[in-house]
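Biologist: Could you take me on a close look at the cysteines here, and then follow them out to whatever surrounds them? I would enjoy one connected walk through it.

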Amino acid sequence: MALACRMHGVVGLLIDGAVRDSAQIAASGFPVFCLGLNIRGTTKLDAGTIGGPLRMGSANINPGDMVVADADGIICIPAQDMDAAFSAASARAAREALMMDRLRAGETTLQILGLQEASP
């Protein structure tokens with residue numbers, strides 16, 4: 001299925017269920033985000049829908065929304081919130097870069113965050 005997805009231009013899979021053959025999927029470089037793994041064979045009973053709204057767990061995802069996923073988690077950004085989300089993400093990345101520069105310069109996290117260092 002991962003190969004079939006790739007052949008049709010799909011760049012990753014987010015599934016509200018389990019997958020199998022995870023080692024082969026990982027080796028192929030096709031990103032898959034799922035609830036877990038299951039060795040049992042799968043059943044395919046529904047052709048699915050392309051381009052419509054869907055619900056994944058407690059999230060509603062609509063056409064035009066952006067789904068961002070990595071090893072730490074998955075987030076859905078509604079289309080109308082993208083500008084604000086990008087601005088907030090850029091500001092956070094700038095703050096984190098500044099913090100890394102200050103750490104490299106020898107400051108401690110306690111100093112950077114304005115916290116009192118514990119007495120020995």
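Modeller: Happy to. A disulfide is a pair of cysteine sulfur atoms within 2.5 Å. Please keep in mind that this is a predicted model. With that cut-off, a search of the whole structure turns up 0 disulfides. Cys-5 is in no disulfide, and its nearest cysteine sulfur, belonging to Cys-34, sits 13 Å away. Cys-76 tells a similar story: the closest cysteine sulfur is again in Cys-34, at 18 Å, so the two are too far apart for a bond. As for its surroundings, Cys-76 is partly exposed, with a relative accessible area of 22%.

Let us stay with Cys-5, which leads us to a pocket. The largest pocket has a volume of about 1800 Å³. Its lining counts 42 residues, and those closest to the centre are Cys-5, Gly-12, Leu-13, Leu-14 and Ile-15. Several elements each give two or more residues to this lining: the helix α1 (2-7), together with the strands β1 (13-14), β2 (18-19), β3 (32-33), β5 (54-56) and β7 (66-70). In chemical character, the lining of the largest pocket divides into 27 nonpolar, 10 polar and 5 charged residues.

Leu-14 gives us a way onward. Besides being among the residues closest to the centre of the largest pocket, Leu-14 is one of those nearest the centre of the second largest pocket, along with Met-56, Gly-57, Ala-59 and Ile-74. The second largest pocket holds about 210 Å³ of space and is lined by 14 residues. The elements giving two or more residues to its lining are β6 (59-61) and β8 (73-77). Of these, β8 supplies the largest share, 3 residues. The lining of the second largest pocket splits into 12 nonpolar residues, 1 polar and 1 charged.

Since the cysteines are not paired in disulfides, you may like to know which side-chain links do turn up. A search of the whole structure finds 4 salt bridges, and three of them are worth a stop. Two of these stops are in helix α3, and the helix itself covers residues 82-104. There, the side chains of Glu-96 and Arg-92 meet in a salt bridge, with N and O 3.0 Å apart. Glu-96 and Arg-92 are 4 residues apart, about one turn of the helix. Glu-96 is partly exposed, at a relative accessible area of 39%.

Further along α3, Asp-101 forms a salt bridge with Arg-104, and their closest N and O atoms are 3.6 Å apart. Asp-101 and Arg-104 are 3 residues apart in the helix, so about one helical turn separates them. Their accessibility is worth a glance too: Asp-101 is partly exposed, with a relative accessible area of 47%, whereas Arg-104 counts as exposed at 65%.

The remaining stop joins two neighbours in the numbering. Arg-20 forms a salt bridge with Asp-21, the closest N and O atoms lying 3.7 Å apart. Arg-20 counts as partly exposed at 36% relative accessibility, and Asp-21 is partly exposed as well, with 41%.

To return to your starting point: Cys-5 is in no disulfide, yet Cys-5 is among the residues closest to the centre of the largest pocket. Cys-76, for its part, has its sulfur 18 Å from that of Cys-34, too far for a bond.

Definitions and conventions: Residues numbered from 1 in each chain as written. Predicted model: local features only at pLDDT ≥ 70, side-chain atom pairs only at ≥ 80, totals over all residues. Heavy atoms only, no water. Buried < 20%, exposed > 50% of the residue type's maximum accessible area, 1.4 Å probe, protein only. 1 Å grid on protein atoms, 1.4 Å probe; cavity = no way out; pocket = protein on both sides within 12 Å on 5 of 7 lines; lining within 4 Å. Points joined across faces, edges and corners; volume = space filled by probe spheres on them. Nonpolar A, V, L, I, M, F, W, Y, C, P; charged D, E, K, R; others polar.
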